[in-house]
Every structure is written in structure tokens, then in C-alpha cells.
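Please consider the following structure, beginning with its sheet and turning afterwards to its surface.

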Amino acid sequence: MLVLFETPAGFALFKVLNEGKLSAVDDLWKEFSSSVSARQMVKLKAFSKFENTAEALSAATLLIDGKPTKSLRKFLRAHCDGETLAVADSKLGNIIKEKLQIECVHNNTVMELMRGLRSQLTELISGLPVQDLAPMSLGLAHSLSRYKLKFSPDKVDTMIIQAIGLLDDLDKELNTYAMRVREWYGWHFPELAKIVQDNILYAKVVKLMGNRENAAKLDFSEILPEEVETQLKEAAMISMGTEVSELDLMNIRELCDQVLALSEYRAQLYDYLKSRMNTIAPNLTALVGELVGARLIAHGGSLINLAKQPGSTVQILGAEKALFRALKTKHATPKYGLIYHASLIGQAPPKLKGKISRSLAAKTALAIRYDALGDNPDNSMGLENRAKLEARLRNLEGRELGRSAGSVKGKPKIEAYDKDRKGAGALITAAKAYNPSADSTLGRTTGTAVDHQDEEVAEPTLITDAGEQVTEKKKKKKKNVEIPDIDQQNNEDSVMEPEEEDKKEKKKKKKKHVKPEADLEIEDQHVEPEAGESKKKKKRKHTETEEEETEGIKKKEKKKKKKKNDE
């Protein structure tokens, strides 16, 4: 049985001298406790040395992937005919078995054997001292780690951070210079500021025209449309501006050159930033755009640092002041930061901006991690997630429309109020007719209720029998008062004047409107029990408080007696 062992200097093949001891796996380490016992257990059969560090690095990287190099294949064909080979990697053993038809073994015994060989390696391989093996191992480890990181100048995100910072500075400078041009040239031609709104076009027009008197002779068709050109020439003829010298116009034109040069450089820098973002973070660019993605990377410090952040942090990145202010004042926290300027959030209505920003931040966090840590990423994942977010936005907008329509689940459609229509049609629902029978009346018997409006003298009856007797007595009294003797009435009719008749009729009408005394008695009867109940409750509370006070006094007296007895 042969053992394949990899060292920083090359590949070594060891022959196992005593295979019977391999059965005792737990005691195998004792065989390698010293160099003498190790030489009795294994013996070096062959050694394939690496020519340089590059060969060692290529061999190590291929072995990590489970692939043998060409030199290793030649080495194994030359020394492993008819032998079983113990390997440390099962994947490598399978490939050797397929391509070289060499029987390979990988188990716990082999791993213990490898551990023992590693402990006595310098003793078993002659010509490989410890002082040479340590620097060789360190150099190979550094080379291997650099290769595994796969460092590439195309993946450097510091260029993006510097480019987006410079782009923001250029925007500020351009705005400052353009406003200075407008203010300076406005003394000579103030009307031009309203006619030409764009800053770059304004600078081009000022550079070409110079003095406003030259406007009629010049052709602005390459810069401005025809309508704006005619307005400019008409305004130049009747302008209220002051006259300026040629020296002033020369300095204004030089400032216009600066504005135009900065604008050209800004466009060039934007193209550079766009290409770098598509190379370094294609999925992030597909989701939020070049400018927003670059600002997120600049705010996070680097793409790797940004990949460590969760989606909730990416969502509010750039709104730290608002977040801590909200936490301090116990108000609502912000829903978005730099991500607010993404096109997906701009498309969403105000009510849905919070939901879409949360979903976009989650997908953005995934895209950043894929761009930072993935192997050769493309923008397929970003485009797929963007399509999903757009579909979700359409779905949410459809729900809002369904709720406003009110006809999703059979709900009635709400009609608008029309002030021009008359009658019940003007209302959303027709007004109901008044139902007098629904009114509650106090005077009501078990049989039929008496109507107050039928007769002039009729009185409401009481619920109790005593009340009925009272009303009858009152009716009789009223009748006695109101109806005189027949003889007296005939005599009074002859003497009565028309004015007295009118007075009597008015008195009768007033009597109709006066509330009967029976009703007052009924109300008193209904109120009395309530008043009685409230009095009882007050008495109960009063007695309870008195009892509590007496109990408290008794307890205090008992405590005082105890203290006296103790003394």
C-alpha cells in the first residue's frame, strides 16, 4: 500500500511497511511518536520536486478542486503499478481511479496515517530540513490565498467612490458658475434669463451673441428652436438692460467657456462611472441605477462593507439623522434614504412608496452580496428581481384601484352627490318617509292609546287605575267650569259682544297647548323610583365608609394597647 502525501516542495510516495497495524486506528498515533518507530512503519519510495513557486501554486489550486496535474499523473504511472493508493481527498481518488486505473483508498485510517506522516515529515524525507520547510509553506500559503481572493483591478470599487464624489462636486460647481453667468450677463440682457431656461444653452447663446445688438444678425438655429430664436431677437430689440464694454463681454465669454468645459467633462465622467458600475456591480445597477448604486457604495465605504449590511440598513442608508431624531423624539422612523431616488420608488404612488422601498431594499441587499462575492456575476439576477418588483407594484396599484372602486367583492358603487338634481335622486340613497307610529308615548294603555289631537277636551289616561280616576274627576271639574246653565247662556248670548267671543276662543286654544297635569304626575311617578334608587346607593356608600372608619379606629386602639402592655 502506497500513501500520496503533498508537501510545499513536491509530491511524496510512502510505502507502508506494516499494514497489519493499520487496523488499530486509535493506537496508530503511537507508531509515529518517534522518528525510529515512524521509519519502521513507513518508508519513502519516491519524491517529485516542484521546479518553482508557480508550479507549486498551480498544483495546489488543482488539488483543491480535486484535479491532478500532468506531472502528478506521470509520477503516479511510474510508481503505482498494481498498488493501492491512499489519498487524503476522496474526490481526487475518484479521478485518479477513473483516469489512471489505480485503486484508491480514503478512510479514517488513511487520515490518521497522514497526520502521523505530517508530524515526522522532516525525518522521513532526507534533504528537507525544518528551516527550509517553514518558509516554503508560508510562501505557498500566501500565493494560494492571493489566488483564492482572485484580486482583479477591474473589481476595485475605490474608483467608483472617487468618481461619484467628483460628479457631485462638478454638479455644484456647474450650478454656481451658471448662476454667476446669468447674474453677470443679466445686467446687459435681463430678458434672456426667462427666454432660455437651460444653463448650458444659456452659456452657448451668450458666448455666440456677446452684445445683444448682434442678436438680429446672428443665426441661433443650431442652438435654439425657431420659436425661441424669434422671441430672443424681439426681446433684444426692446431690452431694458445697461450697456457693457467689450472687456466685460470678454470676461463673461471666458466664464461661459468654463461652464461648457465643465459640462463636457461631467458627461464624460458619467459615462466612465456607468461603465465601471456595469463591470463591478451589474445587478445593483440593474435594480437601482448607476448613480444611486454608486452613492450606496460610497456611503458604505466599499462594496464588501455594503454586502455585510442587512436590507433594513440599506433601506435607510443616508437618512441616519432622521432615524436618530425619530428615535429620540419617539416619532415614526424614516422609510427610505438614498434608495428613494431609484426609478422604481419614483414610479410608485405616495401610499405605496414605503412597501416598494422595503421590497427594493431586500432585493438590493441580495444583489450587492452577489456582486461582491459571486464568481463572474452578470446582471441576470438584477433584471429578474426588477421584473418581480415591477409586477408587485402593478399588483399593489390594482388592489388600491379595486378598493377605491368598491366593486371587488360585490360592494355597491358609491355615486357622487349631484347638487343640480332635485328630489331623492340628488342623494346617494333616497330619504325615508316619517313614521309617526315609531314615536314612544308615555300615556298608553294595554288596549288602545288615546290620540291627543282628536278632541279638544280629551285628556291622556294613566297606566294605573288610580290615575284613570283622577283624570275622570278632572274632566268633570273642567266640564263644570266650562259648561254653564242653559238659561244663563241664552241671556249672555244676547248681551255678549263680538270682542268677548274672540277672547273665549283664544282661551280655548291656549288650553289645548297647556300640558295636562296628569302627564306631569306620570313623569313624577317615573322619576321617583330612579331618585329613590340613587338615594339608596348614597346611603349604602355612606354606611360602608362609616364602617371602614370605625374599623380603622378600633385597629389603632388595639395597637396602642399592645404598646402599653409591652412597656
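The paragraphs below treat the strands and then a charged patch. The model is a predicted one.

The sheet is open and consists of 5 strands, arranged in the order S3-S2-S1-S4-S5 with mixed pairing. Strands S3 and S5 (104-105) occupy its edges; each has a single partner strand, so one side of each lacks a neighbour in the sheet.

Within this arrangement, strand S1 (residues 2-6) and S2 run antiparallel and are joined by 5 bridges. The connection between S1 and S2 is a hairpin of 3 residues. One of the pairings places Leu-2 with Lys-15, its bridge partner in S2. S2 also pairs with strand S3 (residues 42-49), again in the antiparallel sense, over 7 bridges. Here Val-16 stands opposite Val-42 of S3.

How many of the 7 residues of strand S2 are buried? Burial is assigned under 20% relative accessible area, and 6 of the 7 residues in strand S2 (residues 10-16) are buried. Strand S2 is therefore largely enclosed by the rest of the structure.

The surface offers another feature. A negative patch is formed there by Glu-544, Glu-546, Glu-547, Glu-548, Glu-549 and Glu-551. Of these residues, Glu-551 can be placed in helix H24, which spans residues 517-566. The relative accessible area of Glu-551 is 49%. Because the exposed class begins over 50% and the buried class lies under 20%, with partly exposed in between, Glu-551 is classed as partly exposed. Membership of a patch requires over 30% relative accessible area, and Glu-551 belongs to the negative patch.

How values were computed: Residues are numbered from 1 along each chain as its sequence is written. This is a predicted model: local features need pLDDT of at least 70, side-chain atom pairs count only at pLDDT 80 or more; totals for chains, interfaces and linings use all residues. Side-chain values use heavy atoms; hydrogens and water are left out. Patches are made of residues with over 30% relative accessible area and no salt bridge: like charges are joined within 9 Å, nonpolar side chains (Val, Leu, Ile, Met, Phe, Trp, Tyr) within 5 Å. Accessible areas come from the Shrake-Rupley method with a 1.4 Å probe; for residues, only the protein chains shown count as cover. A salt bridge is a side-chain nitrogen of Lys or Arg within 4 Å of a carboxyl oxygen of Asp or Glu. Lys and Arg count as positive and Asp and Glu as negative; His and the chain ends are not counted. The place of a charge is taken as NZ of Lys, CZ of Arg, CG of Asp or CD of Glu. Helices (H or I, at least four residues) and strands (E, at least two) are DSSP runs, numbered from the N terminus. Buried means under 20% relative accessible area, exposed over 50%, partly exposed in between (1.4 Å probe, protein chains only). Two strands pair if DSSP finds at least two bridges between them.
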